[in-house]
Number of protein chains: 2
Amino acid sequence: MHSLHFTSETSSNGVVERDFVLGEVPGVLWSPTAGPAHAPLVLMGHGGGLHKKTPALKARALDTVTTWGYTVVALDAPGHGDRPRTAEDEQARAALGQARAAGDNALFESVSLRYVTSLAERAVPEWQTTLDALQALPGIGTAAPIGYGGGISMGTAIGVPLTAVDPRITAAVFGGGFFVSEALLEAAGRITVPVQFLLPWDDEHVDRHSALALFDAFASTEKTLHANPGDHRIIRWVGVDKEFLARHLGPASS
Amino acid sequence: MHSLHFTSETSSNGVVERDFVLGEVPGVLWSPTAGPAHAPLVLMGHGGGLHKKTPALKARALDTVTTWGYTVVALDAPGHGDRPRTAEDEQARAALGQARAAGDNALFESVSLRYVTSLAERAVPEWQTTLDALQALPGIGTAAPIGYGGGISMGTAIGVPLTAVDPRITAAVFGGGFFVSEALLEAAGRITVPVQFLLPWDDEHVDRHSALALFDAFASTEKTLHANPGDHRIIRWVGVDKEFLARHLGPASS
């Protein structure tokens with residue numbers, strides 16, 4: 001097993017940001033500068049084409065640390081951020097760009113489905129190895145409750161199969177904004193933990209019914225869908241339950 | 001114009017409950033025992049077959065009064081509660097019972113659509129007359145902001161056409177759980193005020209897609225859909241934005 005190496009540490013406004021590498025996977029850990037051990041841990045995924053410190057993700061992470069005293073971890077997805085792309089990744093990205101430029105929605109969907117499925121297959125074991133390594137840290141340990149904190153789009157395409165296979169995740173925030181595969185619907189059917197689901201009502205590329213089918217597929221007895229107008233890139237969330245993770249993961253002090 | 005006559009007044013736990021009649025329409029007004037004049041006014045509608053003080057409605061009303069200091073008004077819908085039923089009402093209710101007993105969903109839907117449309121046509125002018133009369137009371141006046149506070153089902157079938165025609169209503173809570181007519185979709189398209197929409201995800205009788213179409217139809221730039229599993233009669237709402245009306249109607253003290 002690779003162990004986790006911290007490569008840099010900065011601190012501001014009560015939050016410590018520590019970059020790390022685990023094998024070939026770069027990640028970042030945000031935590032309170034002062035706080036109890038074993039605080040809940042929230043995993044955050046970034047959207048397609050973005051990276052672990054993309055502004056919207058980092059803003060949510062800092063808010064989670066300062067509001068709840070939680071620790072947040074994010075990874076660069078395969079072929080994203082500081083990571084090299086495989087030939088398959090390069091081909092997929094070129095094909096996505098061409099399909100979009102040509103306005104060929106069917107091609108865009110089929111390429112996107114294949115690419116995101118491949119990314120998720122690679123990302124899930126990386127997340128599990130990261131959890132193993134984080135649980136070996138004394139400040140986190142195996143006592144810290146773990147939640148998947150989103151986001152929507154590719155963060156959900158990776159988070160759903162991860163949550164389906166890893167029982168350490170006890171609550172999850174998912175969302176729409178991407179093409180949903182049959183395999184993803186099957187994985188959702190194996191998820192029973194509480195789910196909060198964020199649906200951009202007017203996605204530019206993705207029919208909302210695929211996201212509604214994904215919400216429908218979760219086997220969770222507690223699941224809540226929130227929808228607001230807008231495409232997933234520009235949506236302004238209004239009225240979303242901000243206490244969802246805190247309610248399920250509990251206080252940092254316990 | 002009929003004027004509003006209060007017929008009884010009781011008070012407990014900081015809330016005054018005043019029954020009234022306005023012409024032939026019985027209603028109830030809940031307000032804080034002590035509070036500023038011109039507090040926001042919330043209109044609440046009950047579900048089909050129920051009445052103005054049905055427990056779930058009354059619980060929401062008392063919560064609205066004690067949490068926000070607002071005034072809440074509810075009316076018995078035509079043919080409901082203390083009101084006589086027309087021959088048409090009796091026929092419709094008998095036909096609904098027969099269709100349900102026979103498991104004839106198509107008949108149940110067509111009878112329900114016709115009956116609820118008729119109820120809404122009668123109820124909308126009653127609500128407008130009630131608003132006129134309430135605004136003539138010194139404690140309410142024309143300065144009190146007005147919101148439609150739900151609920152789902154028949155409360156929405158009446159609330160949507162009311163909100164579409166009455167500009168005094170500046171925010172509205174609606175929801176699913178009933179059959180949506182084409183006329184209702186058209187009325188929704190004339191609504192531009194902020195809307196919160198509550199969708200029971202697994203309604204026993206009603207396909208969720210009709211409720212999704214209703215949410216889609218609102219012309220409001222701010223609209224939020226919340227969905228939870230369950231039929232509208234048994235649903236447990238989780239993660240719903242409880243501050244929606246307060247955010248739009250403002251504090252009772254202003």
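Trainee: Quick one to start: is A:Ile158 buried or exposed?

Mentor: Buried, because A:Ile158 has 26 C-beta neighbours inside 10 Å, and 20 or more is enough to count as buried. Keep in mind that this is a predicted model.

Trainee: Noted. Which helix is A:Ile158 found in?

Mentor: Helix α4 of chain A, which covers residues 154-165.

Trainee: And what is A:Ile158 in contact with, leaving aside neighbours within four places in sequence?

Mentor: A:Gly45, A:Ala77, A:Leu119, A:Ala120, A:Ala123 and A:Val124. As for A:Gly47, its C-alpha is 10.0 Å from that of A:Ile158, with the two positions 111 residues apart in sequence.

Trainee: Switching to the two chains: how many residues are in contact between chain A and chain B?

Mentor: 14 residues of chain A touch 14 residues of chain B. On the chain A side, strand β9 (residues 223-228) gives the most, with six residues. That side splits into five nonpolar, six polar and three charged residues.

Trainee: So β9 matters here. In what sense do β9(A) and β9(B) pair?

Mentor: Antiparallel, over three bridges. In one of the bridges, A:Ala227 has B:Leu225 as its partner.

Trainee: How are the two copies related?

Mentor: A turn of 180° with a shift of 0.0 Å along the axis lays chain A on chain B, with an RMSD of 0.0 Å. The copies are therefore related as by a two-fold rotation axis.

Trainee: Which C-alpha of chain A is nearest the axis?

Mentor: That of A:His226, at 2.4 Å. Both copies use the same surface, too: 100% of the contact residues of chain A recur in chain B.

Key. Residues are numbered from 1 along each chain as its sequence is written. Chains are lettered from A and ligands numbered from 1 in the order in which they are written. This is a predicted model: local features need pLDDT of at least 70, side-chain atom pairs count only at pLDDT 80 or more; totals for chains, interfaces and linings use all residues. Helices (H or I, at least four residues) and strands (E, at least two) are DSSP runs, numbered from the N terminus. A residue is buried if 20 or more other C-beta atoms lie within 10 Å of its own, exposed if 12 or fewer, and partly exposed in between; C-beta atoms are placed from the backbone. Two residues are in contact if their C-beta atoms, placed from the backbone, lie within 7 Å. Ala, Val, Leu, Ile, Met, Phe, Trp, Tyr, Cys and Pro count as nonpolar, Asp, Glu, Lys and Arg as charged, and the others, Gly among them, as polar. Two strands pair if DSSP finds at least two bridges between them. Copies are superposed by least squares on the C-alpha atoms of residues with pLDDT of at least 70 in both.
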